Amino acid sequence: MVSPSLLTIGIEALTTLVFDVFQEKGKDLIDKVDVDLHLPTPNKEIEKYVYEYLKRHGQIKILNMRKPVSLEKIYTDIELLSGSQDATGFESTEELNEKFLRVGDLLSINRDKYDRTPALEFVQRESRLVILGGPGAGKSTLLKKVGVEAWKQSKLDKKGKQLLPVFIDLKRFSRQQEININLKEEIIKEVRICGIKTNTEKIIQTFLDKGRLLILLDGLDELLQEKRIEAIDAIQNFSDEYYENSFLVSCRLAAYQSKRLGNFQDVEIAVFKESQIRETILRWFSEQDENIGNDCFQKINLPKN
């Protein structure tokens with residue numbers, strides 16, 4: 001077991017909570033791996049994977065923060081906009097075209113027509129999603145939160161199987177010169193980094209074949225257009241081949257226009273309501289005087305701001 005001295009206080013608390021759940025709900029995952037792979041102690045490596053995954057993706061450090069903080073500490077519930085993407089409500093095609101040129105995406109033209117659904121609730125019931133939003137909307141944070149919840153609440157697929165989360169930062173593909181993007185190799189590499197070092201290829205292949213992976217692909221918009229199109233093709237083919245697994249992809253709205261994932265549902269992160277804005281601010285200042293957060297919220301709401 002990883003020494004607590006290696007973990008931040010926030011991660012220590014989170015991993016303690018995770019392992020309380022893991023001991024009960026995660027056992028089915030371990031037993032399945034044990035039967036499928038005939039390994040003597042795969043649970044030790046999966047246990048290490050939980051710790052390393054949370055250290056790598058269960059905390060956040062942005063802006064001028066000197067040290068990372070637990071994602072759980074600052075996360076505010078995000079809502080997603082979903083609904084049929086129709087063009088009703090416009091008096092003419094000229095009006096529709098004018099609005100489309102301004103907004104740039106049909107999904108965003110009539111936001112008030114779409115249902116607001118809690119993101120984690122939506123993700124729980126859908127296995128293939130593209131999470132869209134503007135800069136700073138919370139796309140990466142949501143994907144990281146989903147990965148944490150996979151352990152904390154035992155993310156299940158439609159057949160009730162527990163899924164192993166794997167978080168891939170897609171911008172790493174921008175450093176690759178070769179044309180072919182190999183998602184399986186990237187998954188194996190990430191899983192090794194997080195602690196499963198014995199028979200990694202065999203374990204991942206078994207998980208893929210059994211539909212036991214939750215694959216989180218972050219930052220499609222970080223790639224240049226040519227590489228982005230290549231990545232979309234790779235994701236499309238990989239998700240078709242291993243269709244029983246769950247996939248979440250994040251991308252800026254403006255970068256997801258010329259080519260899309262045909263076998264995924266597109267959803268957009270909803271703009272925060274006033275209550276969510278206040279909650280976010282109070283969470284950011286939670287370790288300081290509560291009055292600082294309240295003062296910040298009041299200043300934001302001044303007419304001059």
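How many of the 305 residues of the protein count as buried? The share is 49%, where buried means under 20% relative accessible area, exposed over 50%, and partly exposed in between (1.4 Å probe, protein chains only). Before the close-ups, a word on the source: this is a predicted model, in which local features need pLDDT of at least 70 and side-chain atom pairs count only at pLDDT 80 or more, while totals for chains, interfaces and linings use all residues. Residues are numbered from 1 along each chain as its sequence is written, and side-chain values use heavy atoms, with hydrogens and water left out.

**Figure 1. The whole protein, with its 12 helices and nine strands.** Helices (H or I, at least four residues) and strands (E, at least two) are DSSP runs, numbered from the N terminus. A contact here means heavy atoms within 4.5 Å. Take the contacts between residues at least 6 apart in sequence: 75% of them join residues at least 24 apart. The accessible surface comes to about 15,900 Å², and carbon and sulfur atoms hold 51% of it. Those areas come from the Shrake-Rupley method with a 1.4 Å probe; for residues, only the protein chains shown count as cover.

**Figure 2. Where to trust the coordinates, going by pLDDT.** pLDDT is the predictor's confidence in each residue, from 0 to 100. It averages 76 over the protein, and 70% of the residues score at least 70. Among the elements, strand 7 (residues 213-218) has the highest mean, 95, and helix 1 (residues 9-25) the lowest, 52. Residues 1-9 have pLDDT below 50, and the model gives this stretch 14 contacts beyond near neighbours in sequence. Residues 84-89 also stay under 50, with eight contacts beyond four places in sequence. Where pLDDT is low, the predicted coordinates should not be read in detail.

**Figure 3. Helix 11 packed against helix 12.** Helix 11 covers residues 274-284 and helix 12 residues 290-300; their axes sit 8 Å apart at an angle of about 140°. For the geometry, axes are lines fitted to C-alpha atoms, for helices over the stretch in contact, and angles run from 0 to 180 degrees between N-to-C directions. The crossing is right-handed: the near helix is turned clockwise from the far one by less than a right angle, whereas anticlockwise would make it left-handed. Helix 11 brings Glu 274, Ile 277, Arg 278, Ile 281 and Leu 282, and these meet Glu 290, Gly 293, Asn 294, Cys 296, Phe 297 and Ile 300 of helix 12. That makes six nonpolar, two polar and three charged residues in the contact. In this count Ala, Val, Leu, Ile, Met, Phe, Trp, Tyr, Cys and Pro are nonpolar, Asp, Glu, Lys and Arg are charged, and the others, Gly among them, are polar.

**Figure 4. Arg 192 in helix 8, and Asn 199 in the loop between helix 8 (183-193) and helix 9 (200-210).** Arg 192 counts as partly exposed because its relative accessibility is 32%. Leaving out residues up to four places away in sequence, Arg 192 touches Lys 197, Thr 200 and Glu 201. Arg 192 and Glu 45 are 147 residues apart in sequence, with 10.0 Å between their C-alpha atoms. Asn 199 has a phi near 50°, a positive value in a residue other than glycine. Most residues other than glycine have a negative phi. At 36% relative accessibility, Asn 199 is partly exposed.

**Figure 5. Tyr 242 in the loop between helix 10 and strand 8 (246-252).** Tyr 242 counts as buried because its relative accessibility is 7%. Not counting residues up to four places away in sequence, Tyr 242 touches Lys 184, Gln 205, Leu 208, Asp 209 and Phe 247. From Tyr 242 to Leu 213 is 9.6 Å, C-alpha to C-alpha, across 29 residues of sequence.

**Figure 6. Val 267 in strand 9 (residues 265-269), and Gln 225 in helix 10 (residues 225-241).** Val 267 is buried, with a relative accessible area of 0%. Its C-alpha atom is 6.0 Å from that of Leu 132, which is 135 residues away along the chain. Gln 225 is partly exposed, at 45% relative accessibility. Gln 225 and Ser 258 are 33 residues apart in sequence and 8.9 Å apart in space, C-alpha to C-alpha.
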